[in-house]
Amino acid sequence: MFRSSPQHTDTYYAATSREWQVERPALAESMTADVCVVGAGFFGLYCALELARAGKKVVVLEASRVGWGASGRNGGQMIIGFPCGMQRLKGVMGQERAREMFDESRRAVQQIRGLMADERIDCDLVEGHLEVAVLPRRVADLTDWIEECETEWGYRRLQFVDKAELPKFLNSSRYQAGIIDPEGAHIHPLKYVLGLARAVEAAGVRIFEQSRVEGYEEGPGSVTVRVAGGMAVKCDQLVLGANAYVDKVERKLAARMLPVGTFIGVTEVLGESACRSLIPHNHAVYDNQFILEYFRTTADHRLLFGGKCTYLGGTPLNLPEAMKTNILRAFPSLKTAKMDYAWGGHIDITMRRMPDWGRRDDRIFWAQGFCGHGLVPTRVAATLVTEAMQGRTERLDWFQGIVNPPFPGGERLGGLMQAVGMGWYRVRDLV
Ligand SMILES: Cc1cc2nc3c(=O)[nH]c(=O)nc-3n(C[C@H](O)[C@H](O)[C@H](O)COP(=O)(O)OP(=O)(O)OC[C@H]3O[C@@H](n4cnc5c(N)ncnc54)[C@H](O)[C@@H]3O)c2cc1C
């Protein structure tokens with residue numbers, strides 16, 4: 001499913017960013033570099049930018065196009081925090097360090113906004129995020145989170161919205177209450193990642209597209225990265241940013257991560273007033289179900305709606321209609337709206353949904369386990385990885401303590417087991 005293709009997947013984002021898409025050459029000769037980065041998604045590109053600005057000679061190798069993976073086809077929701085939740089992070093690294101990481105995630109959002117402003121990346125940024133509860137009993141999770149943020153993480157900007165007030169922010173009877181986070185936002189992720197690549201190149205990095213890494217060998221004092229077609233990059237340090245597609249490059253990392261399919265559908269243009277009647281302030285919205293759904297409207301006034309998960313590699317039959325069914329549960333008034341786009345992508349889940357960020361010696365570095373919430377955490381991971389690459393390993397090593405067990409039975413059996421396990425959560429999402 002979603003195997004690499006030489007061009008972007010046919011998404012709303014690809015269709016609305018044609019003028020941003022620059023073709024880059026494939027690696028045509030072997031070369032040397034201080035650092036080689038595998039994968040031109042958010043994580044790889046952030047690392048490349050930091051290291052180039054620190055004076056390193058950096059080469060990025062991308063199997064397909066910049067932003068081909070999750071970074072160019074996601075829901076575009078910028079959300080602070082980490083997919084595993086703060087209590088679990090605190091459980092492995094303690095209160096003080098977890099608090100520092102929470103602050104880093106807030107800083108990451110500001111870094112992203114700063115980059116958009118400094119590099120003039122006009123990627124349809126809209127401020128504000130709204131988390132909502134579908135089930136009455138999960139309203140308490142919202143209020144608990146507000147309290148936790150205030151007492152443990154020093155974050156006092158969340159605003160609770162009760163059922164009576166919710167229609168001012170979200171016009172759907174499906175939802176019981178919500179939390180507004182003014183530090184969250186939504187963006188056009190493909191425009192953003194393409195703008196980021198432009199900034200990376202302006203910092204002196206060479207990015208090669210259509211250059212699939214097939215493996216690497218560690219020698220005394222260097223790493224040789226093999227590229228399909230026979231070329232190689234010899235470097236001092238290697239960053240693995242291939243995310244859900246790392247399998248061929250580093251099997252040990254792949255064993256600890258399961259690529260899970262997840263899907264997005266986009267309606268036809270509904271018009272500005274119809275969009276504002278659904279989500280009056282155009283927040284990015286997600287619900288707090290185990291198998292969550294997320295949505296927002298686009299710059300050209302469509303509804304973009306994400307959800308569904310497949311653990312066994314398939315795509316739901318008639319994907320546009322399948323997405324429409326979910327949309328109608330939230331917004332029955334869209335019964336006659338046509339679906340213009342529908343696509344899927346892989347998220348990289350770890351067994352306990354914990355981050356898997358780390359290093360081997362001072363040579364091989366990686367970050368995975370973003371579990372469908374990577375827009376902000378990839379920025380945090382890049383900060384920690386690149387500071388470790390320059391000798392300040394302490395904060396990355398807080399994550400080395402996290403044990404991410406391999407999925408028993410590999411991708412197929414692991415997928416089956418997750419599918420069965422998630423069946424239980426699906427039931428709990430109903431009542
Ligand atoms: C449908 C969907 C919706 C999502 N919605 C959200 C959201 O709203 N908010 C949020 O925070 N997160 C969301 N996510 C998750 C988020 O997009 C990811 O966590 C994040 O983009 C991961 O970035 P990355 O750089 O690690 O990986 P990627 O963006 O996947 O980049 C990896 C790159 O490596 C390349 N590559 C792979 N193998 C090789 C190789 N052998 N050689 C060279 N290159 C290689 C790939 O082509 C790809 O371009 C979503 C993900 C999906 C799929």
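Half of the story here is about burial: in this predicted model, buried residues account for 50% of the 431 residues in the protein chain. The overall dimensions fit with a globule. A compact globule with 431 residues would have a radius of gyration near 22 Å, and the protein chain comes in at 21 Å, so the two agree. Laid along the principal axes, the C-alpha atoms fill a box of roughly 65 × 45 × 45 Å.

As for what the chain is built from, there are 12 helices and 17 strands. Plenty of the contacts reach far along the sequence: take those between residues at least 6 apart, and 74% of them turn out to join residues at least 24 apart.

The protein chain splits into two domains, and neither is a single run of sequence. Domain 1 is pieced together from 12–74, 191–255 and 351–421, while domain 2 takes in 127–185 and 259–349. Their C-alpha centres sit 29 Å apart. Where the domains meet, domain 1 puts in 16 residues and domain 2 puts in 15.

On the domain 1 side of this contact, the top contributor is helix α12, which spans residues 410–428 and supplies four residues. The make-up of that side is mixed: seven of its residues are nonpolar, seven are polar and two are charged.

Terms used: Residues numbered from 1 in each chain as written. Predicted model: local features only at pLDDT ≥ 70, side-chain atom pairs only at ≥ 80, totals over all residues. Domains from an automatic or database assignment. Contact = placed C-beta atoms within 7 Å. Helix = DSSP H or I, 4+ residues; strand = E, 2+ residues; numbered from the N terminus. Nonpolar A, V, L, I, M, F, W, Y, C, P; charged D, E, K, R; others polar. Rg over C-alpha atoms; globule rule 2.2 N^0.38 Å. Buried ≥ 20, exposed ≤ 12 C-beta atoms within 10 Å, placed from the backbone.
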